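Please open the model in your viewer and keep the selection panel at hand. The stops below follow one another, each with something to select and a description of what is there.

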Amino acid sequence: MSISDVLSADDIAAALQECQDPDTFEPQKFFQTSGLAKMSASQVKDVFRFIDNDQSGYLDEEELKFFLQKFESGARELTESETKSLMAAADNDGDGKIGADEFQEMVHS
């Protein structure tokens, strides 16, 4: 599966354009612009599985650092503060990782 199988390439490009500079990534804005926020819960969980590099069922900070690159290989890495902010926004149980349900809740919040 490619991310462009479920999201429009134009929407992805627009979302990446909005956060191309370091420390400008805003998760909710990204989810809206990319079209993720309009997807069903099951579609969001499919995208989660695509982002989950090691297929562990969780996203850790190392995977989150490369979050944007899952949408476009040439995209920048998230900064440390952006990575920690994204983790804090979704890690509802405080275990230091984001599960598929937590990711889906964050996208639709």
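Begin with helix α3 (41-51), whose buried residues pack against β1, α4 (61-65), β2 and α6; helices here are DSSP runs of H or I with at least four residues, strands are runs of E with at least two, and both are numbered from the N terminus. The buried residues to select in α3 are Val44, Val47, Phe48 and Ile51, where buried means under 20% relative accessible area, exposed over 50%, and partly exposed in between, with a 1.4 Å probe and protein chains only. These residues lie on the same side of α3, because they cover an arc of only 105° around the axis, the arc being that of the directions from the helix axis to the C-beta atoms.

A word on the model itself: it is predicted, so local features need pLDDT of at least 70 and side-chain atom pairs count only at pLDDT 80 or more, while totals for chains, interfaces and linings use all residues. Residues are numbered from 1 along each chain as its sequence is written, and side-chain values use heavy atoms, with hydrogens and water left out.

Staying on α3, select Lys45 together with Asp101, whose side chains meet in a salt bridge at 2.5 Å, N to O; the term requires a side-chain nitrogen of Lys or Arg within 4 Å of a carboxyl oxygen of Asp or Glu. Since Lys45 lies in helix α3 and Asp101 in helix α6, the pair ties together parts that are 56 residues apart in sequence. Lys45 is partly exposed at 23% relative accessibility, and Asp101 is likewise partly exposed, at 45%.

The structure holds 5 salt bridges, and another one to display joins Glu61 and Lys84, with the closest N and O atoms 3.2 Å apart. Here Glu61 lies in helix α4 and Lys84 in helix α5, so this pair ties together parts that are 23 residues apart in sequence. Next, show Arg76 and Glu82, whose side chains meet in a salt bridge at 2.7 Å, N to O, and both of these residues are buried.

Now turn to the annotated positions. In an unreviewed entry, UniProt lists Asp52, Asp54, Ser56, Tyr58 and Glu63 for "binding site"; positions are given in the numbering used here, feature names are shortened, and annotations may be inferred rather than shown by experiment. Select Asp54, placed in the loop between α3 and β1 (58-59), and then Ser56, which lies in the loop between α3 and β1. Asp54 counts as partly exposed at 48% relative accessibility, and Ser56 as partly exposed at 41%.

A further "binding site" annotation from the unreviewed UniProt entry covers Asp91, Asp93, Asp95, Lys97 and Glu102. Which residues does Lys97 contact, leaving aside its neighbours within four places in sequence? They are Tyr58, Leu59, Met87, Asp91 and Glu102, contact meaning heavy atoms within 4.5 Å. Lys97 itself lies in the loop between α5 (80-90) and β2 (98-99) and is partly exposed at 31% relative accessibility.

Finish on Glu102, found in helix α6 (residues 100-107) and buried, with 10% relative accessibility. Not counting residues up to four places away in sequence, Glu102 touches Ala90, Asp91, Asn92, Asp93 and Lys97. To see one atom pair in detail, display the backbone nitrogen of Asp93, which lies 3.3 Å from a polar atom of the side chain of Glu102.

Methods: Polar contact = N/O pair within 3.5 Å; in protein donor to acceptor, adjacent residues only side chain to side chain.
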